[in-house]
Structure formats: C-alpha cells, structure tokens
Amino acid sequence: MLLSLIVFLPLLFALVLAILPKESWVRPAAFGFALIQFAVSLLLFKGFDPATPAVQMAEFFPWVPALGISYLLGIDGISFWLVLLTTFLLPVVVLGSWTAIDKKSRAFHCALFALQTAMLGSFVALDLVLFYVFFELSLVPMYFIIGIWGGQRRVYATMKFFLYTMVGSLLMLLGIIYLMFTARDTLGYMTANVLELYKLKVPFVAGEFLNPQSLLFFVFSLAFAIKVPMFPVHTWLPDAHVEAPTPGSVVLAGVMLKMGTYGFLRFVIPLFPEAAEHYAWVFLFLGAVGIVYGALVAMVQPDMKKLVAYSSVSHMGYVVLGLFAMNSYGVTGAIYQMLNHGVSTGALFLLVGMIYERTHSREIERYGGLAKAMPIYTILFFIVTLSSIAVPMTNGFVGEFLILLGGFQANKAFGSLAVVGVVLGAVYMLWMFKRVFFGEAGPLVKDEHHPLHDVGIREFVVMVPLVILIFWMGLMPEPFLKYTKASVEHFVANKDAYQLTILESPTETGKLTAAAMADQKEKK
C-alpha cells in the first residue's frame, strides 16, 4: 500500500490545510507536510529492487470490472526517479514560495498538494483509464495556480494552456477506448490494464498511414507531444511560464512536462512498436529541430523568465531525441535528462523569481552589475547556468552526453544537429549571465531608493539541495543510473514485443496476480 500512500497523502494534506483555523498556520503546516511526503517516498528505496525490470510494489483493485478498468499501481526503473523528483521538489517549492504568494495562501497550497497527487498518480498508474484520470486531473490545480496567482495576462495563458492540453487528451481518450475494444476482440475480454494491452498486436502496414497502429501512435503522440511540449506544439509553454507564479513555473517545468516524455516511454513506444520504429525519424527530426529552435528563440528574449521558458523547449528536445533513438545510451540519457531538467530549470525559475520579488522586473536590459550588489546570488546563478549548459562535472553533462551518443548511433545527421544546440545553449545562457551580472550597473541595480539585498537564509536553504544535486548527479551518476539500468535494457532489448510482469505476489488487499487476472477474465 506504499504507492497509494505516496499518491494520496498530499490530497489528505490538502484537506487538512483547508480546515486549519488560522491562515498563519498554513505555510508552516504545508512545509511540514511536504517534508513528511518526501520522507515517506524515500521508503521506496527499502522495497525497490533495481536488478529487475519487473513492476514492483503493485497494487490492484477492480474498479469497473465489467469494462476491465482497475485501480492498478506499480513502479519500475522508468518511473522510480520521477516519483522521487516529484516529492523532492514539493518542499523546495513550498519554501521557495513563502513570500511569492501573498494572497489566498490556503487555496494556493491546497491546489499545490492536489496537483502533487495527480502528478504522482500519473507516474505509477498502470491502467490506461486510471492514468487518463490522473493525467487530466493535473490540469485543474495548475489552471487555478496560473489563473489566480499569475501575471497580468494570466487568463489568456491559462486558457491557452488548458485548451492545448485538453484537445490532445481527448483524442488520446478515443485511442484508449479503441484499444479496450481491440483487447475484447483479440484477448477475449475488455481491459485497460497496460500490462495486458502490451500483448496486443495492433495491425500495422508500413508505408500506409491510415492503418490502426499508425493512427493510434499519432493520436497518443499528439497528447504527449503537447505536454512535453515538442516543437511545433510548444507555443502554450512560454506564455504559461511567464504568467505563472514562481512556484507554478517550477512545478510545471520540474514535473508536469515529464508526464509527456514519460507517456512516450511507458505507453506510445511499447504499445505501438512497429509504428514507433517506422516513424522514429520524424521524432528524431522534431527533437533535434526543437533543440536548435528553442535555443535560437531563447537567445533573443528580453525577459529572463521567457528565456528560461524557451530553454526548456530546447532541453526537452534532447529528451525526445534520446527516447526515439531507442538504444540504451539514448533512453538512459533521456531519463537522466528528465531529472536534470527538473533540478536545473526548476532552480533557474526560483532564482529568477527571487530577483523579481526585489525589483518587479525581469527585463535583462534593466540589470547589469548585479554581481557586486548580490555576490552570493551571483554564485548560485552561475552554478545553475553551468548545469543548464551541460558543463562537465554538472548533472546536465551526463544526460546530454548520453543522449548525443544515442542520437549519433541512431542517426548521425540529427545527432550533429543536436550538437549545434549545445553550442547555442552556452551562447544564450552565458550572454544573459554577462548582461545581468556584469558590466555597467543598470537602473534597477543602482536605484539608491530601493537597494538590493543578497539572498536571505530561507532562499539559501531553498537552493542548497538543488546545488548539491547538480554536482552529485554530475560527479557520481552511477547511484542514479543503477536504478534505471535493468528497465532500460529490458525496454531496448524487447522494444518490438515489450512485456512487463509483476515481481511480487499480491496480498488479499492489494496487488495483482495471475490468479486474480484469471478470475477477472472468467467473470467477463
């Protein structure tokens, strides 16, 4: 029952926060609850066996037996670190938003904890309908976080974010329904269980677009491509980031975007292997173009937050490139880069938020000479910048290096294009750093009526764990890679006929067994 506890504990905390008698208790309570949530998630280390690719800690309960819909949770090397990244960032976000959220604090933290449940559920749900419920539920809290606590154009950004993601998700729902009926016709029983759906052989005809597997592949891919977001369906992201409050941007970049790349790895490629292999070049191309496009657009942004937003488009292009390389280097690097992006880009948004709280401006040209006024802040920003441009000994280098190895192995032309993105990434980040922190002091820095003060204790505490992870993941990646190795090797070796099994035998109260499945099939 550990996975259920991890998933629904934040929702319970949200209910507690909603009924606290005093508003002044909300922030301390939320931070304490976030630490508890992270501590509970660390129990995964005790029960998880990294040597096997099988689904572990599985929990099963028939939800709608007549339709084969079940409450099925499980975790493997693909989802392990994504769950921990989600719980790790929660206390960082709560502490980082201590002064950024100055109205309706109770409602904000309730929305934040509800969003946590939806994101965690998406990473461990192994029933497609259950996954879809969590996947869609994540939209609602983020809709309110941007819509209530966002900037001046928050309504426009919120509607664009919601409509983009909803359109893709509704098409995916049609695909899920089709798969369930296909399972009924092929397997003899209707099911939304992903482990069962992996067994389907959806018809595919190479060179013919209008065949069931190709259509389903692109329907699912569109939903996840919007979530990533991939070029050219990325235009909702910069607006959402710029208008979202700082904690909203951190969660959006740190975790929510990973739901898209996770969807490709968990559902799209294994469910539609022939279409994925046939059309892999399309996604390798779009990933490589997204890397360069995001970097070029970031280079000309006058707003620091929008620059970081477009850098996010570029960095997620690396993840897509690694996934569709479909070799060990690429997939390993893609998973590692998901974690890197959550740490580094989340840290960048926090740092931009800190300076915005002091000056109420993100315009690069209004800064300059900030290093003299805020030396500690400058050091922190420089470390995160090095991570973002993948300097050796930082986390970004490990992920991008593995992805480039995988990209070259899959397609040398697209791998070479991705290398151009590495150079451009260094250009826009270092150019921004130079203009903001060095040179002649800008009007915001030399304003004697509003002198800038360096990072405080709370802000320093927020950044320390992120900086530690940047160097830890860069210098000692093996402790992280060993938890994904077995699952990645199994995925690559069996990508043409991917199957997953349950590691443990279930108890009467929870997990899925062959006997339980057989009993369900007889009833159907």
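1. Start with a charge over a ring: in this predicted model, Arg-362 lies over the face of Tyr-356, 4.8 Å from the ring centre. There's another case to look up, where the charged end of Lys-227 sits over the ring of Phe-135, 4.8 Å from that ring's centre.

2. Now for the aromatic rings. The structure holds 50 aromatic pairs. Take Phe-217 and Phe-218: their ring centres are 5.0 Å apart and their planes meet at 80°, so this pair is edge-to-face, since the cut-off for that label is over 60 degrees.

3. Are Phe-217 and Phe-218 buried or exposed? Phe-217 has 0% relative accessibility, so Phe-217 counts as buried. Phe-218 has a relative accessible area of 24%, so Phe-218 is partly exposed; the cut-off for buried is under 20%.

4. Phe-218 also pairs with Phe-283. Here the ring centres are 6.5 Å apart and the planes are at 25°, so the pair is stacked. Phe-218 belongs to helix 10 (residues 212-227) and Phe-283 to helix 15 (residues 280-299), so the pair ties together parts that are 65 residues apart in sequence. As for Phe-283, a relative accessible area of 4% makes this residue buried.

5. Zoom out a bit and you'll find these rings in one aromatic cluster, whose members include Phe-217, Phe-218 and Phe-283. Phe-135, the ring under Lys-227, is in that cluster too, along with others, among them Tyr-262, Tyr-279 and Phe-324.

6. Let's check helix 10 with a bit of arithmetic. How far should its 16 residues span at 1.5 Å a residue? The expected value is 22 Å, and the end C-alpha atoms are 23 Å apart, which agrees. The buried residues of helix 10 include Phe-217, Phe-220, Phe-224 and Lys-227. Polar names turn up as well, among them Gln-213, Ser-214 and Ser-221.

7. On the surface, have a look at the nonpolar patch of about 620 Å². Met-393, Ile-468, Phe-471, Trp-472, Leu-475 and Met-476 make this patch. One of them, Leu-475, lies in helix 22 (residues 457-475).

8. Last, a glycine in a loop. Where is Gly-369 found? Gly-369 sits in the loop between helix 17 (328-359) and helix 18 (370-373). With 11% relative accessibility, Gly-369 counts as buried. The C-alpha atoms of Gly-369 and Ala-183 are separated by 63 Å, and the two residues are 186 residues apart along the chain.

Methods
Residues numbered from 1 in each chain as written. Predicted model: local features only at pLDDT ≥ 70, side-chain atom pairs only at ≥ 80, totals over all residues. Heavy atoms only, no water. Phe/Tyr/Trp six-rings, centres within 6.5 Å; stacked < 30°, edge-to-face > 60°. Buried < 20%, exposed > 50% of the residue type's maximum accessible area, 1.4 Å probe, protein only. Helix = DSSP H or I, 4+ residues; strand = E, 2+ residues; numbered from the N terminus. Lys NZ or Arg CZ within 6 Å of the ring centre and 35° of its normal. Expected span 1.5 Å × (residues − 1). Patch = residues over 30% accessible without salt bridge, like charges linked within 9 Å, V, L, I, M, F, W, Y side chains within 5 Å. Areas by Shrake-Rupley, 256 points an atom, 1.4 Å probe, with all protein chains shown as cover. Salt bridge = Lys/Arg side-chain N within 4 Å of Asp/Glu carboxyl O.
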